[in-house]
Amino acid sequence: MERAEALQAFESAFGGQAEDLFTAAGRINVIGEHVDYCGGKVFPAALNLRCNIYGKKTGANVIRLAFRGIDGVVELDMSKLGEYRGLKIGNYQAGVAYFMQEKGVRLVGCDLYYDCTVPFGSGLSSSAAIEVATAVALYEYAGVAYDKVEVALLSQKAENKYAGVNCGIMDQFASAMGKKDHAVLLDCSTLEYEYVPLKLGDYCLVVANCNKPHNLVESKYNVRRQEVETALKTIQTVKNVSCLAELTPKDFAEVKYLLSGVVAKRAEHVVMECDRVNRAVQALKDGDLVELGKLLNESHYSLRDLYEVTGKELDTLSALARKEAECLGSRMIGAGFGGCTISIVKKTAVEGFIRRVGKAYVETIGYKASFYETSIEDGITVEKL
Ligand code: GLA
């Protein structure tokens, strides 16, 4: 949506003019999937696909929300912020506002118009982008100084404790802290981070959405979390570790006999994926894109066979990508069960890649995949209009 159109939509929803634009990013994750809540390192990057909020301070006791493509206005009464958990639209915003209030921030009423260009349910973290952008808007209007890492943590809390999805910190951190043309190597147990230039030379990342209809992702995600918790507790009976990510592949081989069935598979994925993150970052720093591509493929196979979060659609989409001569590697990103893949593709071959993979995908699955033009951008932005 063009800015002029969004400003017009703001005016029709609320009357009056928007005064500020707050944005936060959707994200990809180069590698390090389903390890953030196990204390592992992840390697996400913020996208040009974003949650844009056009805002205006009103000073009333209400936060009013309106959304592109949805009629009507949602009102959040600031004296009852605990009561909006059941909202289909507006619960992320209510959760963020609720926990800010709990921290002692004196919220100031405002009108917020959402133009979110991160496709919903795509594994590109539309929810994190909404939470982070909302927190920034509310902090700015409250006139309270904030720290971006704190914004990420507060947003994660809203998602965990208000929306009921037990996610890790990766998405909110990337959405808030992302940096143009860099990926963020984030240690999720300490929140130490390093920006690494995402330099792919003649290659680029192609983001593709398998468009599988959303299906119980949150509940399946929460089950995976319980499985790795069980693995950790069992391993802790013989080894002094505080999270699965502390185990090297060699450590894990020594304790694997303690685990069985799916719990063993889940833990093996986590340990091996953590090892792949280190190798992938090194490969990128060395400019060894062939090695990086191989690690992306291995990550996908592990998410398919050990963690079991891919499904036919993501497997098909990434397998078709891998068949392409100019593609170095491909894998699903995010929680899985649907959503997106990333593929490393030669820039000059992207057009043909999208055409062929898109055609073969629709022939196999019966509906289309979507391909996005993406670039790596900053996380949060704040602008006076
Ligand atoms: C979702 C969660 C993240 C992370 C990924 C899987 O995107 O929100 O915290 O666990 O899944 O890596």
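Visitor: What relative accessible area does Lys256 have?

Guide: This is a predicted model, in which local features need pLDDT of at least 70 and side-chain atom pairs count only at pLDDT 80 or more, whereas totals for chains, interfaces and linings use all residues. Residues are numbered from 1 along each chain as its sequence is written, and side-chain values use heavy atoms, with hydrogens and water left out. Lys256 lies in the loop between helix H7 (249–255) and helix H8 (261–286). Lys256 counts as partly exposed (buried means under 20% relative accessible area, exposed over 50%, partly exposed in between, with a 1.4 Å probe and protein chains only), because its relative accessible area is 33%.

Visitor: How far apart in space are Lys256 and Val207?

Guide: Along the sequence, Lys256 and Val207 are 49 residues apart. In space, taken from C-alpha to C-alpha, the separation of Lys256 and Val207 is 35 Å.

Visitor: How many residues of H3 are buried?

Guide: Helix H3, a DSSP run of H or I with at least four residues, numbered from the N terminus, covers residues 126–142 and reaches 24 Å from its first C-alpha to its last, close to the expected 24 Å (1.5 Å times one less than its number of residues). Just after H3 comes Gly143, which takes a positive phi of about 70°. H3 itself is mostly covered, and of its 17 residues the number buried is 16.

Visitor: How much of the ligand's area does the protein bury?

Guide: Among the residues around the ligand are Arg27, Asp36 and Asp171, where being around it requires a heavy atom within 4 Å. Oxygen atoms of the ligand make polar contacts (pairs of N or O atoms within 3.5 Å) with these side chains, at 3.0 Å for Arg27, 2.5 Å for Asp36 and 2.6 Å for Asp171. Taken alone, the ligand exposes 310 Å² (by the Shrake-Rupley method with a 1.4 Å probe), and the share of this that the protein buries is 93%.

Visitor: What radius of gyration does the protein have?

Guide: The C-alpha trace spans about 60 × 55 × 40 Å along its principal axes, and buried residues make up 55% of the 385 residues. For that number of residues, a compact globule would have a radius of gyration near 21 Å, by a rule of 2.2 Å times the number of residues to the power 0.38, taken over C-alpha atoms. The protein agrees with this expectation, with a radius of gyration of 21 Å.

Conventions:
A polar contact is a pair of N or O atoms within 3.5 Å; within protein, one must be able to donate a hydrogen and the other to accept it, and residues adjacent in sequence count only if both atoms are side-chain atoms. Helices (H or I, at least four residues) and strands (E, at least two) are DSSP runs, numbered from the N terminus.
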